[in-house]
Amino acid sequence: TMNPRAPQQPSLFELPQRPLSAVPKTPEQQALAAALPRSLHMGAMTWSYPGWTGVVYAEQHSERELAGRGLTAYCQQPLLRAAELDRTYYEPLSAASYAQYAEQVPADFRFLVKAHEDCTVARYPMHARYGKKRGQQNPRYLDPSYAAQTVVAPLVGLGDKLAALLFQFSPQADEQPERFADTLHAFLRALPAGVPYAVELRSRQLLCKAYGAALADAGAVHCHNAWTFMPSVLTQAKLLPKETRRPLVLRWLLRRNDRFANASERYAPFSRIVSEDPDTRAEVASLVSKALQNDVPACVLLDNKAEGCAPESVTLLARELARRMA
């Protein structure tokens, strides 16, 4: 059973084929899309928001209906050429499930897929949804056999539409940067070859030289994240080898020092920009434009909690990128 806290993305067992109607493309969106390299894939973290009616979706739909078929309208927006699969953090999916996602979008669309949390949580948090496992050590933590069989293998269903498999590490107790880097290195080296892997940290102390070396040697990339307590994406890039941002993977989640719950309350129902964050936008645009100018592909995902409405934030970021690259 899908966890109730997980974003309501499709169950995938009953996806009707009729696409949803999309808001008509604006001349500006089309011009921006034409001005930016096709190696840039921008989008949002999930797509099942009824508040996007009039922004992405032409008609009002329930969250459940958008979860099932929203991608068919979402991908018609010229600047929305990627999306994050977040429900995979809470439960692994089958290859057939991934294939049904892939069938809803065009060939040049890309998905960033979150790895199941059992790969990245050393000890289960003291939260009700973990039941009897609360507070216990997780035996699957950085277990390459579990990851390979349950998380990596089914990704074949996405084919070429996989941007990267993301291993997200939330802050955890007893973090020792060097030991973490060594364990992560062994884990990544043991995973199946030929799959793009990305790692996101939520603890700045883990962002050390050994971590960068581990990623570079394993052929994985760092997911630069604009998030509450992490250094800016530009600082993250300066601390790590250039190999760890080729391709560039970036997630813009929150304003610095903001909290997820606070941002959710302020910005819901995510139907418009509520509070612009030009400083973070400039940092993101600087890093992304440099990558594109050096022929490095970039996958950039934005959260509603960044400024209030992810699709509108994508448009603002696209304007800034087009200006910098003109």
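This is a friendly dialogue between a learner and a teacher about reading a predicted model of a protein chain.

Q: Where do I begin: how many helices and strands does the protein chain have?

A: Keep in mind that we are looking at a predicted model. Its secondary structure comes to twelve helices and eight strands.

Q: How does the radius of gyration of the protein chain compare with the globule rule for 326 residues?

A: The radius of gyration is 19 Å, close to the 20 Å from the globule rule, so the protein chain is as compact as a globular protein of that length. Along the principal axes, its C-alpha atoms fill a box of roughly 50 × 45 × 40 Å.

Q: What share of the residues is buried?

A: Of the 326 residues, 56% are buried. Contacts tell us about the fold as well: among those with a separation of 6 or more, 77% link residues 24 or more positions apart.

Q: How should I describe two helices that pack together, and at what angle do α6 and α7 cross?

A: Two packed helices are described by the angle between their axes and the distance between the axes. Here, helix α6 (residues 177–190) and helix α7 (residues 209–218) have axes that come within 8 Å and cross at roughly 10°. Angles under 35 degrees count as roughly parallel, and α6 and α7 are therefore roughly parallel to each other.

Q: Which residues make that contact between α6 and α7?

A: From α6 come Glu178, Phe180, Ala181, Leu184, His185, Leu188 and Arg189, while α7 brings Ala210, Tyr211, Ala214, Leu215, Asp217 and Ala218. By type, these residues divide into nine nonpolar, one polar and three charged.

Q: Phe180 is on that list; is Phe180 buried or exposed?

A: Phe180, which lies in helix α6, counts as buried because its relative accessibility is 9%, and the cut-off for buried is under 20%. Leaving out residues up to four places away in sequence, Phe180 touches Tyr141, Phe169, Leu201, Leu206 and Tyr211. For a sense of scale, Gly131 is 49 residues from Phe180 in sequence and 27 Å from it in space, C-alpha to C-alpha.

Q: Which residues of helix α5 are buried?

A: A general idea helps first: an α-helix has 3.6 residues a turn, so residues three or four places apart point the same way. In helix α5 (residues 144–152), the buried residues are Tyr146, Ala147, Ala148, Val151 and Val152. Their cover includes β4 (162–169), α6 and β5 (197–201).

Q: What is found at the start of α5?

A: There, a side-chain oxygen of Asp143 reaches to within 3.0 Å of the backbone nitrogen of Ser145.

Q: What should I look for in the backbone angles, and which residue in the loop between β3 and α5 has a positive phi?

A: Most residues other than glycine have a negative phi, and most peptide bonds are trans. Leu142 has a positive phi of about 45° although it is not a glycine. Leu142 sits in the loop between β3 (110–114) and α5, and it counts as buried at 8% relative accessibility. Asp295 also has a positive phi, of about 60°, and is not a glycine either. The loop between α10 and β8 (298–302) holds Asp295, which counts as exposed at 71% relative accessibility.

Q: Where are the cis peptide bonds that involve Pro247 and Pro269?

A: One is the bond from Arg246 to Pro247, with omega near 5°. Pro247 belongs to the loop between α8 (233–239) and β7 (248–252). Another joins Ala268 and Pro269, with omega of about 5°, and Pro269 is in the loop between α9 (260–267) and α10.

Q: How do I read a charged residue such as Arg281: is Arg281 buried or exposed?

A: Look at its accessibility and then at its surroundings. Arg281 lies in helix α10 (residues 278–293) and is buried, with a relative accessible area of 9%. Beyond its neighbours within four places in sequence, Arg281 is in contact with Trp252, Glu276, Glu307, Leu316, Leu317 and Glu320. Ala306 is 25 residues from Arg281 in sequence, and their C-alpha atoms are 9.7 Å apart.

Q: And what does the side chain of Arg69 make a polar contact with?

A: Its partner is the side chain of Glu65, at 2.3 Å. Arg69 is in helix α2 (residues 63–69) and counts as buried, at 6% relative accessibility.

Terms used
Residues are numbered from 1 along each chain as its sequence is written. This is a predicted model: local features need pLDDT of at least 70, side-chain atom pairs count only at pLDDT 80 or more; totals for chains, interfaces and linings use all residues. Side-chain values use heavy atoms; hydrogens and water are left out. Helices (H or I, at least four residues) and strands (E, at least two) are DSSP runs, numbered from the N terminus. Buried means under 20% relative accessible area, exposed over 50%, partly exposed in between (1.4 Å probe, protein chains only). A polar contact is a pair of N or O atoms within 3.5 Å; within protein, one must be able to donate a hydrogen and the other to accept it, and residues adjacent in sequence count only if both atoms are side-chain atoms. Contact means heavy atoms within 4.5 Å. Axes are lines fitted to C-alpha atoms, for helices over the stretch in contact, and angles run from 0 to 180 degrees between N-to-C directions. Angles under 35 degrees count as roughly parallel, over 145 as roughly antiparallel, 65 to 115 as roughly perpendicular and the rest as oblique. Ala, Val, Leu, Ile, Met, Phe, Trp, Tyr, Cys and Pro count as nonpolar, Asp, Glu, Lys and Arg as charged, and the others, Gly among them, as polar. The radius of gyration is taken over C-alpha atoms; the globule rule is 2.2 Å times the number of residues to the power 0.38.
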